[in-house]
Amino acid sequence: MYKIRDPKARKRRVNRNYRTFPIFSRATDGGKQHYVNSYVGILHGSTVEIPNSQHWDELITNGSFGKGEFSKGEPFHYSKERRTKTGTKLVERIKRQRYDQQALWKTKSDQDISQSSESVLVCRDSDDSDGPREKLLPKCVEMTEKYVIFPEEAFFLVYGIGCLTVKQDQEELSTSALWSKMCQSDPNFPFRYAVYHHFRSKGWVPRSGLKYGADFLLYRRSPALFHASYAVMLQVVNKESLEPSPSKNRELTWSDLAAMDRVINHVAKEVMFCHVLVPSTLDTSTSDCLRSIQMQEMVMTRWVSSREREGAEKHFVHEFEFP
């Protein structure tokens with residue numbers, strides 16, 4: 001049994017009341033109770049788009065599901081937009097780096113930004129000490145992006161909680177139909193979802209760990225409040241022989257593990273291996289296979305000789321202390 005790391009709080013925390021799971025209120029309709037909060041998503045490939053902006057807010061606050069299509073977290077025009085008073089007019093306030101990107105896009109499209117009738121208040125970046133703190137410039141583009149949730153998140157809201165309805169071509173998809181489409185897009189989806197469901201049920205918020213070379217990152221409550229505590233590596237193992245399945249796992253060498261461990265420890269996280277124990281006769285055509293899958297967690301830590309030496313010296317002094 002490993003000791004759970006205390007989450008590291010972010011310096012700039014968002015003042016919102018985040019919850020781990022969606023909280024629903026029940027309504028009575030003709031003597032029958034049903035959930036008031038229900039969301040609708042549209043399947044595009046392997047991701048699900050949530051078109052309703054009100055649903056964005058609820059899914060972000062209650063469970064930190066999904067992200068903006070071009071952002072690392074919440075959509076740009078949903079959370080990054082800041083407005084401040086300049087004279088008697090309210091204008092959009094954005095960072096200088098973001099404005100330069102928009103101006104470059106506008107230039108490539110052969111459009112003159114000086115002809116814009118609207119303005120934005122551009123503030124300098126935190127690492128930029130030159131120039132004015134704020135400057136009023138012509139507005140470049142109207143930045144919009146979609147809000148999407150990943151396959152594991154979408155199926156968890158459908159199968160695990162039952163608060164999401166996924167549609168494709170205006171037709172509602174059943175749980176089994178959605179499972180089949182997710183498995184067609186990714187053959188390892190049953191094992192990835194099993195790991196996702198496992199950690200969600202333990203109170204973690206799993207997010208993509210692609211930027212650190214891992215399968216998932218585990219957060220407490222919300223990524224907006226805390227940094228990730230663990231980077232999870234998924235390993236599919238045969239339940240009878242306890243041998244890894246080469247066709248379902250990535251090939252990792254000792255040098256790969258050492259490099260990944262060094263990178264993840266540098267950002268104050270730990271590597272966790274989640275062994276997915278599957279029977280040799282597992283049928284992944286339906287979601288019923290999840291009942292036959294078991295999980296085993298193992299945390300990899302670096303051995304630091306100086307720490308061991310200090311511990312041994314303290315133990316020696318305690319054992320052989322002279323009067």
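**Figure 1. N52 caps the N-terminal end of helix α1 in this predicted model**. A side-chain oxygen of N52 sits 2.9 Å from the backbone nitrogen of Q54. The helix itself covers residues 53-61, and its buried residues are H55, W56, L59, I60 and T61. As a reminder on helix geometry, an α-helix has 3.6 residues a turn, so residues three or four places apart point the same way. With that in mind, have a look at how H55, W56, L59, I60 and T61, the buried set of α1, are placed along the helix. After α1 comes G63, and the phi of G63 is positive, near 120 degrees.

**Figure 2. S64 reaches over to S222 through a side-chain contact**. S64 belongs to the loop between α1 and β5 (67-68). Is S64 buried or exposed? At a relative accessibility of 4%, S64 counts as buried. The polar contact runs from the side chain of S64 to the side chain of S222, at 3.1 Å.

**Figure 3. E145 and E69 come together at the C-alpha level, with 5.8 Å between them**. Along the chain, E145 and E69 are 76 residues apart. E145 is found in the loop between β9 (134-138) and β10 (147-149). Its relative accessible area is 6%, so E145 is buried, the cut-off for that being under 20%.

**Figure 4. R192 and E152 pair up in a salt bridge between two helices**. The N to O distance for this pair of side chains is 3.0 Å. R192 comes from helix α6 (residues 189-201) and E152 from helix α4 (residues 151-161), so the salt bridge ties together parts that are 40 residues apart in sequence. Both partners, R192 and E152, are buried. For context, the whole structure has five salt bridges.

**Figure 5. E297 and K202 make a salt bridge between a strand and a loop**. Their closest N and O atoms are 2.9 Å apart. Because E297 is in strand β17 (residues 294-300) and K202 is in the loop between α6 and β13 (204-208), the pair ties together parts that are 95 residues apart in sequence. K202 is partly exposed, with 40% relative accessible area.

**Figure 6. D215 and R250 form a salt bridge that joins two loops**. Here the closest N and O atoms are separated by 3.2 Å. D215 sits in the loop between β13 and β14 (216-220), and R250 in the loop between β15 and α7 (254-266), so the pair ties together parts that are 35 residues apart in sequence. How do the two partners fare for burial? D215 counts as buried at 12% relative accessibility, while R250 is partly exposed at 37%. Widen the view and there is a network to trace: salt bridges that share partners join E152, R192, D215 and R250 into one.

**Figure 7. The second largest pocket holds about 210 Å³ of space**. Which residues line the second largest pocket? They are Q235, V237, P244, R250, L252, L257, F273 and H275. The elements that give two or more residues to this lining are β15 (230-238) and β16 (270-278). Sorted by class, the lining has five nonpolar, two polar and one charged residues. R250 should look familiar from the previous view: this lining residue is also the salt-bridge partner of D215.

**Figure 8. F155, Y159, W179, F189 and Y193 gather in one aromatic cluster**. The structure as a whole holds twelve aromatic pairs. For F155 and F189, the ring centres are 6.0 Å apart and the planes stand at 90 degrees, so the pair is edge-to-face. F155 lies in helix α4 and F189 in helix α6, so this pair ties together parts that are 34 residues apart in sequence. F155 is buried, with a relative accessible area of 0%, and F189 counts as buried too, at 1%. F155 also forms an edge-to-face pair with Y193, at 5.0 Å centre to centre and 90 degrees between the planes. That second pair again links helix α4 to helix α6, so parts 38 residues apart in sequence are tied together. Like F155, Y193 is buried.

Technical notes: Residues numbered from 1 in each chain as written. Predicted model: local features only at pLDDT ≥ 70, side-chain atom pairs only at ≥ 80, totals over all residues. Heavy atoms only, no water. Buried < 20%, exposed > 50% of the residue type's maximum accessible area, 1.4 Å probe, protein only. Helix = DSSP H or I, 4+ residues; strand = E, 2+ residues; numbered from the N terminus. Polar contact = N/O pair within 3.5 Å; in protein donor to acceptor, adjacent residues only side chain to side chain. 1 Å grid on protein atoms, 1.4 Å probe; cavity = no way out; pocket = protein on both sides within 12 Å on 5 of 7 lines; lining within 4 Å. Points joined across faces, edges and corners; volume = space filled by probe spheres on them. Nonpolar A, V, L, I, M, F, W, Y, C, P; charged D, E, K, R; others polar. Salt bridge = Lys/Arg side-chain N within 4 Å of Asp/Glu carboxyl O. Phe/Tyr/Trp six-rings, centres within 6.5 Å; stacked < 30°, edge-to-face > 60°.
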